[in-house]
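Thanks for coming. Please have the sequence and the structure open while I talk.

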Amino acid sequence: MSGKRSTILGFIVGVIMLTGLDQWTKRLMTDRLKGKGPVVLWDGVFEFFYSENQGAAFGMLQGRQFFFFVVAAVVFAAVSYVMWKLPGERRYLPLKICLTFIAAGAAGNFIDRLVQGYVVDFLYFKLIDFPIFNVADCYVTVATAVLLFLVLKVYSDEDFEVLKPGGNSKGM
């Protein structure tokens, strides 16, 4: 299998598996928590707490579903473009993994919005009263942080020349 086909297949399988895990956790928490009180895992620190979020992170932009559909489409398009353009070289694997997690997180929350009109959140750090979030949010947040670190500290500008229109996708 060529490097490009392997990359795309790995990306698709990864997104499907990670999105499936996100959707499974949301379904599990909906079945166990909806209409009930929280499940305390560490008293005063961390609990499972069912919440329906019609907005974005931290409850911002409540009820703006069309906006979120557009954002998800832009994320999928950008990630797909970068995945297509990145060379098959092993050194780009960390970038590809980050992009896979970001796409899966966007897909997981997109599915919720499309099917239910809201995103199911259930992870709550009570100790710091952090906004309730879900597995898809973890994917996006952690992968974006790692991606920023990689872009700023690990890769050089030359490593990203392949992303420019007409750039050479060496190693494919």
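**The sheet**

I will start with the sheet. In this predicted model, 3 strands form an open sheet in the order β1-β2-β3, and the pairing is antiparallel. Why do β1 and β3 each have one side without a neighbour in the sheet? Both stand at the edges, each with a single partner strand, so one side of each is left without a neighbour there. β1 covers residues 39–42. Neighbouring strands of this sheet are turned by 35° against each other on average, if direction is ignored.

Now the two pairings. β1 and β2 are antiparallel and are paired over 3 bridges. In that pairing, Val40 stands opposite Glu47 in β2. The two strands make a hairpin with 3 residues between them, and Gly44 in this hairpin takes a positive phi near 80°.

On the other side, how many bridges join β2 to β3? There are 6, and here too the strands run antiparallel. β2 spans residues 46–53. Phe46 has Phe125 of β3 standing opposite.

**The whole chain**

Let me step back to the protein as a whole. It has 4 helices and 3 strands. Along the sequence, these elements follow the pattern α-β-β-α-α-β-α. If you are tracing the chain on your screen, β1 and β2 are the pair that make the hairpin, and β3 runs over residues 119–125.

As for dimensions, the C-alpha atoms fill a box of roughly 55 × 30 × 30 Å, taken along the principal axes. The protein has 172 residues, and 38% of them count as buried. The exposed area is about 10000 Å², and carbon and sulfur atoms supply 68% of that.

What about contacts along the sequence? Take the contacts between residues at least 6 apart in sequence: 67% of these join residues at least 24 apart.

**Two residues in the first helix**

Helix α1 covers residues 3–33, and Thr30 is in it. Is Thr30 buried or exposed? Its relative accessibility is 12%, and buried means under 20%, so Thr30 counts as buried. Leaving aside residues up to four places away in sequence, Thr30 touches Tyr50 and Val120. Tyr50 falls within the residue range of β2, and Val120 falls within that of β3.

Leu28 is in helix α1 as well. With a relative accessibility of 24%, Leu28 counts as partly exposed. Leu28 and Leu114 are 86 residues apart in sequence, and their C-alpha atoms are 19 Å apart in space.

**After the third strand**

Next comes the loop between β3 and α4, where α4 covers residues 135–154. Two residues here are worth a look.

Asp129 lies in this loop. Its phi is near 50°, which is a positive value in a residue other than glycine. For background, most residues other than glycine have a negative phi. Asp129 is exposed, with a relative accessible area of 54%.

Phe130 is in the same loop, between β3 and α4. Which category does Phe130 fall into? At 34% relative accessibility, Phe130 counts as partly exposed. Phe130 also belongs to a nonpolar surface patch of about 400 Å², together with Phe125, Leu127 and Ile128. You have met Phe125 already, as the residue in β3 that has Phe46 opposite.

**The end of the chain**

Last, the segment after α4, where Asp157 lies. Asp157 is exposed, with a relative accessible area of 63%. How far is Asp157 from Tyr139? The two are 18 residues apart in sequence and 26 Å apart in space, C-alpha to C-alpha.

To recap: the open sheet has the order β1-β2-β3, Thr30 in the first helix counts as buried, and Asp157 after α4 is exposed. That is what I had for today.

Key
Residues are numbered from 1 along each chain as its sequence is written. This is a predicted model: local features need pLDDT of at least 70, side-chain atom pairs count only at pLDDT 80 or more; totals for chains, interfaces and linings use all residues. Side-chain values use heavy atoms; hydrogens and water are left out. Patches are made of residues with over 30% relative accessible area and no salt bridge: like charges are joined within 9 Å, nonpolar side chains (Val, Leu, Ile, Met, Phe, Trp, Tyr) within 5 Å. Accessible areas come from the Shrake-Rupley method with a 1.4 Å probe; for residues, only the protein chains shown count as cover. A salt bridge is a side-chain nitrogen of Lys or Arg within 4 Å of a carboxyl oxygen of Asp or Glu. Buried means under 20% relative accessible area, exposed over 50%, partly exposed in between (1.4 Å probe, protein chains only). Two strands pair if DSSP finds at least two bridges between them. Axes are lines fitted to C-alpha atoms, for helices over the stretch in contact, and angles run from 0 to 180 degrees between N-to-C directions. Contact means heavy atoms within 4.5 Å.
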